[in-house]
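Me: I would like a close look at the charged side chains in this model and at how they pair. Please take the salt bridges one by one.

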Amino acid sequence: MTDISIKRHPHVNVGAWANNLPEIIAQILARRGITDEQQLDLGARHLPHFDQLHGALAAAERLAQAIGENQAICICGDFDADGATSTALMVSVLQALGATRVDYIVPNRFADGYGLSPAVVAQAHQLGAQLIVTVDSGISCHAGVDAARAADIDVIITDHHLPGARLPNANIIVNPNQPDCQFPSPNIAGVGVAFYVLLALRHVFRERGREVPNLAQWLDLVAVGTVADVVKLDGVNRILVQQGLQRIRAGHCRPGIAALLQIANRDPKQLLASDLGFAIGPRINAAGRLDDMAAGIECLLANNLTTAQQLAAQLDQLNQARRSIETEMREEAEAYVAQINQDTDQLPAGLVLYQPGWHQGVVGIVAGRVKEQCHRPVIAFADSDDGLLKGSARSIPGLHIRDVLERVHSLHPDLIQRFGGHAMAAGLSLARENLTAFREAFIAQVTEWVDDSALTRTIWSDGELDASCFHEPFIRQLESFGPWGQGFAEPVFDGEFRVVQQRLVGERHIKWVLETADRVVLDAIAFNVDTNLWPDASVQRIHAVYKLQLNHFRGRTSVQLQLEHFRGLR
């Protein structure tokens, strides 16, 4: 439904640091910003010091005071995987450091809305909270912070979302994106910010002569939250994820993560960063999307495998229900978009979608799916209990979606009730009667901000591979330079293949047997294909863009291509 351009990265000059690497791997790393060998060393010693994160030490000292005086601490989280891992991390480490009065509240997506609202503060007050610590939220929660301060409850905000023009009146704010913070990674997830505050707290206790646990044992949580939140894998985030992955692979992870991997049929010893995003993240997210995130947090906090397995099974069932709802909504969205395309001959620069009955917890996934299909910024709305429409936005490279919403809000201050988010994702609320006016204003701004070239999806390939690359040792070597992810893209290759076999598996997936020009026969798989077009027995050759994978099945490891895009050659 959108134009796709396939381009190969140009050859780049590589320094002497890569002399011992195969040329194709040296090129891949250089294109992703690697300029010296030290950047490939993902040891924890290369993490920046916590004192570079503005407010971290002040937050640690206030937490130390709360623990020392046995004050009631309430952690206020968020209803996604980053929020769940942040909450579990903060609760677990504070307890390990001696806190005996720690509770948590995660706003219910449907009843409470996002973040530290006055209603959530009222719940914390009922728990007797003397200190509220937000994780992965809070930077836009002015009313909630004011309500807490009025109730004589101190507030520490730990967040990574972009702040507005005015910061909330919290006692302490820890956010790498606040104006006076010089932390070298503004991209750390909410769980990364929480981890750094806890590093500072460990330092405070060490200075006071107290024994403290090694915080590395919580890096599995940090890795899951970082990957699941799809933040940019810059140097700091790559270290945090790699350190967490290594612990999980070695069997040193908490029971909840072990149980989630087990129910997802993932072997911890073979774990990749992508598994955290595709296997663990969605199951934790499903709790917040369809029910209550407490199930996800309790799974991560479980002290034994039996309890964790029971909670993981519950999360898996929720995820299956989420998939069913998502499929129905996605099909309705695709039909709606197809009708727009048919009526206008050309899709607008941005899409605003709404259907009565859509599930509020799943609109973000649907917006993401339609964005991938159409390569347009997409906002999907659903009805909420408060009478407003709740929207979730997903953007394309080159368009900062939160800035677009801010611009719409400044030009039409009566349209949007609330909004917030990142460059690539945002959330907002508006009255149903304002939907048409908002759609027009949003499309007008997107049209003004992007040109036609930005609306053409470009797939960048790392080139064509020869027979020497389609073997396990090469793929193992390639994997060793991960973790790959947002901002440090997993290598993608392209080439022409002879089709030996193609068959439909499941409802929308195709298994292939392909042969390269130099007679290497390979298994391949393509997910979510258009079954009106494929399988096509008349196609004997294809041009494919693919990722190299090792497929582990029944104790056997084989090379497999995962096709990202393909077209038949006549």
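To begin with one partner, is Lys-390 buried or exposed?

Reply: In this predicted model, Lys-390 is buried, because its relative accessible area is 11% and the cut-off for a buried residue is under 20%. Its side chain meets that of Asp-386 in a salt bridge, at 3.6 Å from N to O, and Asp-386 counts as partly exposed, with 45% relative accessibility. Elsewhere, salt bridges with shared partners join Arg-322, Glu-326, Arg-330, Glu-334 and Arg-369 into one network.

Within that network, Arg-330 forms a salt bridge with Glu-326, and the closest N and O atoms of the two are 3.6 Å apart. Both Arg-330 and Glu-326 are buried, and they stand 4 residues apart in helix α12, which means that about one helical turn separates them.

Another pair is made by Glu-464 and Arg-8, whose side chains meet in a salt bridge of 3.6 Å, N to O. Glu-464 belongs to the loop between β12 (457-461) and α16 (472-479), whereas Arg-8 belongs to strand β1 (residues 4-8), so this salt bridge ties together parts that are 456 residues apart in sequence. Glu-464 is partly exposed at a relative accessible area of 48%, and Arg-8 is partly exposed at 42%. The count of salt bridges comes to 21.

Helix α12 (residues 305-344) also holds Glu-332, which forms a negative surface patch with Glu-328, Glu-331 and Glu-507. Glu-332 is partly exposed, with a relative accessible area of 31%, and patch residues need over 30% and no salt bridge.

Note on methods: Residues numbered from 1 in each chain as written. Predicted model: local features only at pLDDT ≥ 70, side-chain atom pairs only at ≥ 80, totals over all residues. Heavy atoms only, no water. Patch = residues over 30% accessible without salt bridge, like charges linked within 9 Å, V, L, I, M, F, W, Y side chains within 5 Å. Areas by Shrake-Rupley, 256 points an atom, 1.4 Å probe, with all protein chains shown as cover. Salt bridge = Lys/Arg side-chain N within 4 Å of Asp/Glu carboxyl O. Lys, Arg positive; Asp, Glu negative; His and termini not counted. Charge placed at Lys NZ, Arg CZ, Asp CG, Glu CD. Helix = DSSP H or I, 4+ residues; strand = E, 2+ residues; numbered from the N terminus. Buried < 20%, exposed > 50% of the residue type's maximum accessible area, 1.4 Å probe, protein only.
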